[in-house]
Amino acid sequence: MSAAEHIGQWQLALDRVGARVEQLSSFRGSGRIVRATGMVLEAVGLRLPLGSACRIELNEPGQTETAEAEVVGFSGERVYLMPLGQLHGLVPGARVFPLGEGRASARRFPVGEALLGRVVDGNGRPLDGLGELDESQHSPLTSPPVNPLRRAPIAAPIDVGIRAINALLSVGRGQRMGLFAGSGVGKSVLLGMMARFTRADVIVVGLIGERGREVQDFIDNILGEEGRRRAVVVAAPADTSPLQRLQGAAYATRLAEHFRDAGRNVLLIMDSLTRYAMAQREIALAIGEPPATKGYPPSVFAKLPALVERAGNGEHGSGSITAFYTVLTEGDDQQDPIADSARAILDGHVVLSRSLAESGHYPAIDIEASISRAMNAVVDDRQQQMAQRFKQLFARYQRNRDLISVGAYSPGHDALLDQAVQAYPRLEAFLQQGMNDVSDLEGARRQLAELFGGNA
């Protein structure tokens, strides 16, 4: 390249920088902190919209540091700020600077192909030590909603590699499913199986509010090297601020939206939706919103559908987001307000049973309590009939299990129960699967047909 070409390139770069400098304001406004109670800071002297980002000056010994915060509310002339991290060295009257004006005050996060195989936090900063993401494309967390009348319908099944789901709870591409489970029933293992076995172009995993130890364990031992190559992991563990947990869930969804808009079929795994709701509860209660249902303020139940509705199929010709959201059922209570709300806004749910897990039955899917609302649209009548027959026999056996175990059952009185007793060992074996075993759609359908002596 000649010297003249080098000079031309430098001149273009200088012109771009000069254009950006000209857009900057000739002065920099600031506010000051007047109150700090719990997680919320109150500032005066600022006029910023909700969701705007700010920097707060901290007086650390021997140096001046800054911390990021976000506007979460206001009252009169006072603005409520929620910090994204720990505040050490905050003093009364500390100065607060907005990060920008208008749209520029909205923070931008890295998106795109450069994030595949990476692990980032809720701010989009790398956690894996593989280098910065400054050169990647950046985008705000918010995106315009998809017109529901322009969404492509759920019409094709997606292979998740798990026999019980592929055969009896078939999931469609673009469907949003809930995974309802208490602690210690194999939820993380099931998610890892989906991440490794699902036939999707891109996997986005949001680990929201979980234990920090589980993040490393999920990446190394459950997701594995094969799953990680086509995955992006967003980790906002339990020790991060509630705002960062909310942000982590929104960021994972934004990443999935970016890949979907590029025509890719995305698997979004969010663990967990309950921790997301708890983070919003912490913020809402801290700024004075009154509690409503079991301590959850109304804003929680507005945030849940706003997050979930961003997943699903895009417009005709674009890609899809098939989403699995875990929902923690405290004490295995299926009537928990978050579980009840999630059940109403999702396209189906898979319930994991503690009694099955304790008996060594994995994956511990309670097939009677689980349902896929889009199954009719993605399977043929034959598979639908076989799945219904399977559930009838399985349920009839479970209803009479105590009678059978004490020897009170005698054949010949109930034809369906007789069939259920004979078939139960095969039904139970069909529902079990090793964590390293994969069962594709065709294989699961064929095995289901073989249970009833027919062909798929």
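Contact here means heavy atoms within 4.5 Å. The model shown in these views is predicted.

**Figure 1. Overview of the predicted protein, with 14 helices and 17 strands.** Taken along the principal axes, the C-alpha atoms fill a box of roughly 90 × 60 × 40 Å. The protein has 456 residues, and buried residues make up 50% of them. Among contacts with a separation of 6 or more, 71% come from residues 24 or more positions apart.

**Figure 2. Surroundings of Glu309, in the loop between α7 and β14 (312-313).** Glu309 has a relative accessible area of 40% and is therefore partly exposed, a class that lies between the 20% limit for buried and the 50% limit for exposed. Leaving aside neighbours within four places in sequence, Glu309 is in contact with Arg151 and Arg176. With Arg176 there is a polar contact of 3.4 Å, formed between the two side chains. Val146 is 163 residues from Glu309 along the chain, yet the C-alpha atoms of the two are separated by 8.9 Å.

**Figure 3. The largest pocket, with a volume of about 810 Å³.** The pocket is lined by 31 residues, and the closest to its centre are Gly51, Glu70, Leu141, Thr142 and Lys303. The lining residues divide into 17 nonpolar, 9 polar and 5 charged. One strand, β4 (63-75), supplies at least two residues of this lining, as do each of the helices α5 (242-261), α6 (273-286) and α7 (298-308).

**Figure 4. Ser372 in strand β17 (residues 371-372).** The relative accessibility of Ser372 is 9%, so the residue counts as buried. A polar atom of the Ser372 side chain lies 2.7 Å from the backbone oxygen of Ser170. Not counting residues up to four places away in sequence, Ser372 touches Leu169, Ser170, Val171, Gln175 and Met177, together with Asp347 and Gly348.

**Figure 5. Ile203 in strand β11 (residues 202-208).** Ile203 is buried because its relative accessible area is 0%, which is under the 20% limit. When residues up to four places away in sequence are not counted, the residues that Ile203 touches are Ala195, Gly227, Arg230, Ala231, Val232 and Leu267. Ala152 is 51 residues from Ile203 in sequence, and their C-alpha atoms are 20 Å apart in space.

**Figure 6. Phe390 and Leu168 in the largest nonpolar core.** In soluble globular proteins, nonpolar side chains tend to be buried together. The largest core in this model holds 61 residues, of which Leu168 and Phe390 touch the most other members. Phe390 touches Leu168, Leu427, Phe430, Leu431, Leu448, Leu451 and Phe452, with residues up to four places away in sequence not counted. Another core, of 51 residues, lies apart from the largest one and includes Phe259, Met270, Leu307 and Ala339.

Key
Residues are numbered from 1 along each chain as its sequence is written. This is a predicted model: local features need pLDDT of at least 70, side-chain atom pairs count only at pLDDT 80 or more; totals for chains, interfaces and linings use all residues. Side-chain values use heavy atoms; hydrogens and water are left out. On a 1 Å grid over the protein atoms alone, a cavity is a set of points where a 1.4 Å probe fits but cannot get out, and a pocket is an open set with protein on both sides within 12 Å along at least five of seven lines; lining residues have an atom within 4 Å of a point. Grid points are joined across faces, edges and corners, and a volume is the space filled by probe spheres set on the points. Helices (H or I, at least four residues) and strands (E, at least two) are DSSP runs, numbered from the N terminus. Ala, Val, Leu, Ile, Met, Phe, Trp, Tyr, Cys and Pro count as nonpolar, Asp, Glu, Lys and Arg as charged, and the others, Gly among them, as polar. Buried means under 20% relative accessible area, exposed over 50%, partly exposed in between (1.4 Å probe, protein chains only). A polar contact is a pair of N or O atoms within 3.5 Å; within protein, one must be able to donate a hydrogen and the other to accept it, and residues adjacent in sequence count only if both atoms are side-chain atoms. A nonpolar core is a set of buried Ala, Val, Leu, Ile, Met, Phe, Trp, Tyr and Cys residues joined through side-chain atoms within 4.5 Å.
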